[in-house]
Amino acid sequence: MAISRNGCESCTEITCTSTKSVLSQDLAKNVITAYDRVRMRGMSACLFGSTGTCCRNCNMGPCQIIDGVDEMIGICGATADTVVARNFARTIAGGSAAHTDHAREMVKGFIATAKGETPHEIKDVNKLMMLAEVFGVATEGRDKNDIALEIGQLALADFGKQDDKPVTMLKRAPKKRQELWKRLGVEPRGIDREVVEIMHRTHMGVDQEYHNIMLQGARCALGDGWGSSMLSTELTDIMFGTPVPRRAIVDLGVLKPDEVNVTVHGHEPLLAEALCLAAQDEEMLALARKVGAKGINLAGVCCTGNEILMRRGIPVAAGFVQQEMALATGAIEAMVVDVQCIMQSVAEVAKSFHTDVITTNYRAKMPGAVHIQFNEEDPMGSAKEILRKAIGNFKKRGDFYIPQESKLDVVVGFSHETINYMLGGRFRASYRPLNDNIINGRIRGVAAIVGCDNYKYADNNHEIIARELIKNDVLVLATGCAATALGRVGLVRPEAAEFAGPGLREVCETVGMPPILHCGSCVDNSRLLIAATEMVREGGLGDDISDLPMAGTAPLWMSEKAVAIGQYFVSSGAYVIFQNLPLTGSKNFHKFMTGGMDEMYGGRWDIEEDPLKLAQKMIARIDLKRKELGIDKKRERVLFDMEMRRDLGTGAPLKDIGCHGPTPA
Ligand code: NFS
Ligand code: SF4
C-alpha cells in the first residue's frame with residue numbers, strides 16, 4: 001500500500017512539538033515513520049499475542065489458547081496458565097539477555113582498561129574501593145589498576161558461574177530481602193545460567209506450573225538487576241566517572257546547522273565514550289573545518305545518549321520514538337548504532353538523505369547500513385574511522401530542517417551518590433534528609449518512571465503521569481527514554497518545581513533540584529535498587545524495600561528489557577504498574593502476578609491503561625505504605641521553621657556540588 005503524508009496527517013497521537021514540526025516539512029514527505037506503519041496496518045494487534053496466549057514453542061503448534069475453553073488448550077495439553085507464564089518468562093529472559101550481553105562487554109572493557117589497553121582510565125577510585133569490599137578484594141598497598149583487574153575478573157566470572165552460590169552483588173540488598181530470596185529459592189547464581197534455565201524450562205514439555213515458572217522468571221530478573229545491570233552501571237562509573245549534576249539540553253533542536261552532526265544510537269558506552277574523545281581530537285576537527293563545518297556535534301539517541309548525557313553533558317537529540325524524526329531533519333551526517341532499540345526502518349529513512357547509518361557491532365547488522373566494526377583494542381582508531389565517514393558526508397548535505405526552538409534545558413546526573421550529596425550535604429552525605437522529608441510528609445513518596453516510548457499510546461503519557469505524581473508531592477526518579485521524554489517537556493530542570501505540590505516544591509527549591517531526577521539509562525535502574533536499599537539502611541522507613549512508600553512504572557514499555565526490569569523491581573519488593581502486559585489471557589496467572597506476588601515478595605505487578613489513573617494508583621500504593629509505616633498522619637503540611645530550614649539547608653545547593661555545563665564535544 002502506497003502511503004504519502006499530507007502535512008502531518010498521522011500525528012493525532014503526537015503531542016511532541018519537534019516531531020510534529022519535522023514531519024510537517026516538505027523534506028519529510030517521503031519519510032515513512034512508525035506512526036504511518038501503525039496507521040497502515042489498519043488493524044489492532046493480535047489478541048492472542050497481546051494477552052500472552054499464543055504458543056509456538058513446538059511444531060505441533062502454533063497453538064492459540066483460550067482460557068477456560070477446553071478445546072482451545074494446546075495440542076500438548078498446555079493451558080492458558082502455562083502458556084502465558086512461559087511467554088512472560090521468555091520475555092524476561094530476552095530482556096535480561098540484552099542487559100547481560102551489554103554488561104559483559106562493559107566488564108571486558110573494564111578489564112582491558114585496568115590492563116592499560118584502552119584510552120580510558122580508572123577514574124572513580126572511591127567506587128572502586130567500595131566494589132573491592134563487595135567482591136572481597138584486598139586493597140592495601142595495591143595499585144588501583146591491580147585492584148580493578150581483580151574485580152573485573154571476579155565480575156566476569158559471575159556471568160558464567162556454575163556453582164549454586166548467589167551472584168556477588170546480591171549481598172548489597174537489604175538483609176531481610178536476601179533472606180527472603182534464599183527462602184524462596186530465587187537467588188540468581190551464574191547470570192548467563194538463569195537465562196539458559198528459563199529457555200530450558202519453557203521448552204515444550206518441561207515446566208508446566210506457572211508459579212514454578214515464575215520462580216525462575218524472578219531469579220533471572222534478579223540476576224539482571226542485581227547482577228548484570230548493576231555491574232554495568234558500577235564499572236562504567238568507575239571508568240568514565242560517576243555522574244554529578246550538570247546542565248545539558250535535549251530534543252531535536254540540539255542538532256547544529258553548521259557542524260557535522262553525528263548521532264550515537266544504542267547502548268554501549270564504550271563506543272560512545274571513544275566517539276566523544278575522537279570528536280575533540282584536533283585531527284578530526286581540522287578535517288571537519290576542511291569540509292566547511294564549524295565542528296563536530298555529537299548527540300545521543302536512546303540510552304547511549306543517556307550515558308553520555310549523564311557523564312559528559314553531551315546533548316540527547318532523541319528518545320526511542322524520535323529516531324526516525326532525527327534522520328528526517330536531513331541534518332545528520334551519520335547515525336552510529338550499536339545494539340538494542342534500533343529500528344530497522346532507520347536505514348530506509350536514511351536513504352532519502354545523505355546520512356549514513358553505521359553499524360558497529362558484529363551482533364547487529366542491518367541491510368542498507370555501512371558496517372565499521374568497533375575494535376575494542378583500538379577504540380580511538382574505530383571512532384576516528386567512523387567520524388571520517390561522517391565528515392565526508394557533510395558536503396553532500398542537501399536541504400535540511402532543524403527545529404531550533406526545540407531545545408530544552410535539563411539538569412541530569414543523579415546517581416545514587418549524588419542524591420546522597422544533594423540532600424545530605426557535602427559534610428554528611430546521607431539519605432537521612434530524604435527519609436526525614438518522607439517521614440514528615442513533605443515528600444509523600446518516591447516513584448520511578450522508566451523505560452521506553454511506544455507508538456501504541458499518545459506520546460504525552462509520561463508527562464501526564466509525572467505531573468500528577470509531582471503535583472501530589474511524589475519525588476520522581478526517571479531513567480531511559482522516559483527521562484528523555486520528560487526532559488523534552490521541561491520537567492527535568494529545577495524550574496519545574498513550580499508544578500510540584502507544596503511539600504516537594506519546598507524541598508526542591510531549598511536544595512535547587514528538579515522534582516524529577518534524571519538517573520540515567522536503563523541499566524542505571526540498578527541505581528534505583530541501591531537508592532532504595534540506602535533508604536532502608538538509613539532507617540525510619542521499615543526494614544525492607546517492600547516497606548518503602550515507593551512505586552514504579554514503565555508506562556510506554558516496548559522492549560523486553562522493560563519487563564525484566566519490572567520483574568526485578570517486583571521481586572525486590574516494589575509495586576510496578578504498566579499500561580498493558582501480555583498476561584491477561586490467563587485469569588490465574590493475571591491474579592497471581594497482580595496479587596499473589598505481593599504475598600511472596602511484598603511487591604507486585606499492576607496494569608492500568610489510563611495514564612492519570614495509573615499515576616493515582618501509584619499514589620494509592622505510596623499512601624498504603626505510609627499507612628503501614630504509621631506515617632500517614634504526618635502529612636498535614638508543616639511549614640518550614642528556621643530549624644528545619646537549617647537542617648535542610650546543609651544540603652549543598654546544586655551549584656555548589658559541581659553542576660557542570662555541557663562538556664564541549
Ligand atoms: Ni531502555 Fe534504553 Fe529506550 Fe526502552 Fe530502548 S533505549 S535500554 S529499552 S526504548 S528505554
Ligand atoms: Fe502447542 Fe504445546 Fe507446542 Fe505450545 S508446546 S505449540 S501449546 S503443542
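**Salt bridges and ligand surroundings in the predicted model**

Lys127, Arg172, Glu234, Asp237, Glu307, Arg311, Glu417, Asp524 and Arg527 are joined through salt bridges into one network. The structure examined here is a predicted model, and a search over the whole of it returns 49 salt bridges.

Several individual pairs can be described in detail. In one of them, Arg104 and Asp192 form a salt bridge whose closest N and O atoms lie 2.9 Å apart. This contact connects distant parts of the chain, since Arg104 belongs to helix 4 (residues 80-114) and Asp192 to helix 8 (residues 191-201), with the two positions 88 residues apart in the numbering. Asp192 has a relative accessibility of 25% and therefore counts as partly exposed.

A further salt bridge is formed by Lys384 and Glu283, with a separation of 3.2 Å between the closest N and O atoms. Here, too, distant parts of the chain are linked, Lys384 being located in helix 15 (residues 379-393) and Glu283 in helix 11 (residues 282-290), 101 residues apart. Lys384 is buried, its relative accessible area being 17%, whereas Glu283, at 39% relative accessibility, is classed as partly exposed.

Asp163 and Lys161 also form a salt bridge, in which the closest N and O atoms are 2.8 Å apart. Within this pair, Lys161 is buried with a relative accessible area of 15%, while Asp163 is partly exposed at 33% relative accessibility.

Turning to the ligands, the shell around ligand 1 consists of His267, Cys302, Cys303, Phe320, Cys341, Gly451, Cys452, Cys481, Cys522, Met558, Ser559 and Lys561. By class, this shell comprises eight nonpolar, three polar and one charged residues. Because domain 2 (251-396) and domain 3 (409-634) both contribute residues to the shell, ligand 1 lies between these domains.

The nickel atom of ligand 1 receives a single donor from the protein, namely the SG atom of Cys522, at 2.1 Å. Cys522 itself is situated in the loop between strand 13 (516-518) and helix 21 (525-538). Four donor atoms surround the nickel atom, and the angles that they subtend run from 93 to 152°, so the arrangement is irregular.

Ligand 2 is surrounded by Cys55, Asn57, Cys58, Met60, Gly61, Cys63, Gly74, Ile75, Cys76, Ala78, Arg86 and Met204. When these surroundings are sorted by class, the shell of ligand 2 contains eight nonpolar, three polar and one charged residues.

Definitions and conventions. Residues are numbered from 1 along each chain as its sequence is written. Chains are lettered from A and ligands numbered from 1 in the order in which they are written. This is a predicted model: local features need pLDDT of at least 70, side-chain atom pairs count only at pLDDT 80 or more; totals for chains, interfaces and linings use all residues. Side-chain values use heavy atoms; hydrogens and water are left out. A residue is near a molecule or strand if one of its heavy atoms lies within 4 Å of it. Ala, Val, Leu, Ile, Met, Phe, Trp, Tyr, Cys and Pro count as nonpolar, Asp, Glu, Lys and Arg as charged, and the others, Gly among them, as polar. Domain bounds come from an automatic or database domain assignment. Donors are N, O and S atoms within 2.8 Å of the metal (3.2 Å for Na, K and Ca); water is not among the atoms, so sites may look incomplete. Four donors count as tetrahedral if all angles lie between 85 and 135 degrees; four count as square planar and six as octahedral if opposite donors are over 155 degrees apart and all others between 65 and 115; anything else is irregular. Helices (H or I, at least four residues) and strands (E, at least two) are DSSP runs, numbered from the N terminus. A salt bridge is a side-chain nitrogen of Lys or Arg within 4 Å of a carboxyl oxygen of Asp or Glu. Buried means under 20% relative accessible area, exposed over 50%, partly exposed in between (1.4 Å probe, protein chains only).
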